[in-house]
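Please open the structure in your viewer and keep the sequence at hand. The tour below proceeds by selection, one stop after another.

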Amino acid sequence: MRIDVADGRITAVTAGAPRGGVVLPGLTLPGFANGHSHAFHRALRGRTHHERGTFWTWRERMYALAARLDPDAYYRLARGVYAEMVLGGYTSVGEFHYLHHAPGGKAYADPNAMGAALRQAAADAGIRLTLLDTCYLTGGIGVEPDEVQRRFSDGSAASWAERVAALAEGELFRVGGAIHSVRAVPADQLSEVDNGVPGDRPLHIHLSEQRAENAQCEAATGFTPTGLLQDHGVLDERLTVVHATHLTDRDVRWLGEFRVGACFCPTTERDLGDGIGPARALRDAGVRLSIGSDSNAVVDAFEETRALELDDRLASEERGRFSAAELLEAGTGHNAVGWPEVGSLAEGAGADFVTVGLDSVRTAGIEPSGVLFAAGAADVRHVVVAGREVVRDGVHLLIERPETLLAKEIEALWQS
């Protein structure tokens with residue numbers, strides 16, 4: 001197969017063509033889409049397992065890390081994180097970004113300094129970035145933000161929308177929005193956040209990740225989190241709900257009826273002990289599935305994608321829950337992060353593709369259709385983003401030794 005590329009787009013895909021140009025030995029797939037990331041959580045990897053705990057004790061350590069970051073430190077850390085993502089097979093990332101302000105909630109001189117740091121980090125790493133700028137106003141339903149959470153808050157949905165409107169998009173940078181959760185945005189401001197995001201850009205929300213979230217929402221409003229979104233007119237096709245782990249049958253039907261997307265983050269959901277969401281039931285209801293690395297405890301597009309099938313096997317005690325084609329569709333679902341032109345190897349599509357070696361100890365002897373079950377991040381040999389070669393022979397071409405950069409920056413954060 002020959003893939004012709006010009007101006008960041010695929011201009012032709014030709015079968016049976018003679019070898020020429022850049023030869024990509026292995027199996028070439030569309031680039032994977034990371035639908036949900038918190039880049040700064042990468043600094044927690046391997047540092048939250050010293051004793052038994054819960055999601056909520058993990059969250060306290062995450063807050064302690066958030067308090068140490070400023071725009072410069074965030075830029076340096078995120079460069080390494082985004083480089084790791086490209087090496088792991090991702091060509092776009094939706095950054096669920098709520099770390100907006102200085103400690104205490106004071107705005108930086110540039111109110112979007114933290115978002116600008118992420119934009120520059122992604123540009124350096126050669127990955128498409130959708131900044132899902134997140135509205136986060138309360139520390140719980142009816143609870144004022146605490147000292148750390150004040151960094152996340154703009155005070156009101158209107159102030160949040162005004163700040164986000166100042167963000168300018170670029171060639172590989174787009175701006176979407178997010179409601180952090182029904183715990184963090186009052187019900188009477190949900191539709192205001194929805195209206196604050198242009199209709200052609202994605203809107204995301206953490207939804208029903210924890211049973212406690214459901215219980216708090218129902219006690220305060222009489223609705224499940226999904227029901228509350230439906231009641232306020234937020235459910236629609238451009239919405240992606242993240243996790244969607246603890247849903248009622250009625251929730252699943254609502255999400256399907258409104259053609260909502262759902263982003264599963266299996267490695268993080270395992271790490272936090274969240275549970276296994278109803279992926280097959282959602283897909284059957286008409287929900288579009290995508291995957292994300294979330295806390296970046298693992299950065300591996302293949303591991304997240306196959307986990308849709310493998311985790312659903314555990315929950316259902318059945319094999320064959322998803323076809324290979326359905327898994328690839330979920331793993332390469334760039335539409336969830338606002339890049340609808342990316343995700344296929346076809347004329348006119350964005351020129352993002354990943355080549356996987358079929359000669360490693362993991363992939364040797366497999367059928368090509370089994371690559372999602374056999375390969376891992378270490379098998380990614382070449383990555384092209386918008387027609388630009390970013391990874392060659394497993395080496396990042398734009399950032400030298402990302403592992404050294406990550407080690408240095410993470411150690412500095414925990415020593416500060």
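Begin by selecting C217, which counts as buried because its relative accessibility is 0%. The model is a predicted one. How far is the sulfur of C217 from the closest cysteine sulfur? The distance is 16 Å, to the sulfur of C135, and this is too far for a bond. Since a disulfide requires two cysteine sulfur atoms within 2.5 Å, the count of disulfides comes to zero.

Now move to C135 itself. Its closest cysteine sulfur is in turn that of C217, at 16 Å, again too far for a bond. C135 likewise counts as buried, because its relative accessibility is 0%.

Extend the selection from C135 to strand β6, residues 128-135. Is this strand largely enclosed or open? Eight of its eight residues are buried, so the rest of the structure largely encloses β6. Turn the view to examine both faces of the strand: R128, T130, L132 and T134 lie on one side, L129, L131, D133 and C135 lie on the other, and all of them are buried.

Next, add strand β5, residues 90-97, to the view. β5 and β6 run parallel and are joined by six bridges. To locate the pairing, select H97, which stands opposite D133 of β6. Following the chain from β5 to β6 leads through helix α3, residues 113-125, in a right-handed β-α-β crossover.

Then select strand β7, residues 173-179, which also pairs with β6. The sense is parallel, and seven bridges are found between β6 and β7. Here T134 stands opposite A178 of β7. The chain passes from β6 to β7 by way of helix α4, residues 157-164, and this β-α-β crossover is right-handed.

In general, the strands of a sheet pair through backbone hydrogen bonds, in either a parallel or an antiparallel manner. For antiparallel pairing, select the open sheet of five strands, whose order is β3-β12-β13-β14-β15. Which strands form its edges? They are β3 (27-30) and β15 (395-396), each of which pairs on one side only. From β3, continue to strand β12, residues 353-356: four bridges join the two, which run antiparallel. Within this pair, T28 has T355 of β12 as its bridge partner.

The next stop is T305, in helix α11, which spans residues 301-316. Is T305 buried or exposed? T305 counts as buried, because its relative accessibility is 0%. A polar atom of the T305 side chain lies 2.7 Å from the backbone oxygen of A301. Setting aside residues up to four places away in sequence, T305 touches F32, I291, L327, G331 and L372.

Finally, display the largest nonpolar core, which has 107 residues. Which of its residues touch the most other members? They are F40, Y82 and L282. Helix α2, residues 71-87, supplies the largest share of this core, with nine residues. Select L282 and show its surroundings: apart from neighbours within four places in sequence, L282 is in contact with A244, L247, V252, L255, A262, F264, V287 and L289. Another core, of five residues, lies apart from the largest one; among its members are I10, A351, F353 and V384.

Technical notes: Residues are numbered from 1 along each chain as its sequence is written. This is a predicted model: local features need pLDDT of at least 70, side-chain atom pairs count only at pLDDT 80 or more; totals for chains, interfaces and linings use all residues. Side-chain values use heavy atoms; hydrogens and water are left out. A nonpolar core is a set of buried Ala, Val, Leu, Ile, Met, Phe, Trp, Tyr and Cys residues joined through side-chain atoms within 4.5 Å. Buried means under 20% relative accessible area, exposed over 50%, partly exposed in between (1.4 Å probe, protein chains only). Contact means heavy atoms within 4.5 Å. A polar contact is a pair of N or O atoms within 3.5 Å; within protein, one must be able to donate a hydrogen and the other to accept it, and residues adjacent in sequence count only if both atoms are side-chain atoms. Two strands pair if DSSP finds at least two bridges between them. A crossover is right-handed if, with the strands pointing away from the viewer, the path from the first strand over the helix to the second runs clockwise.
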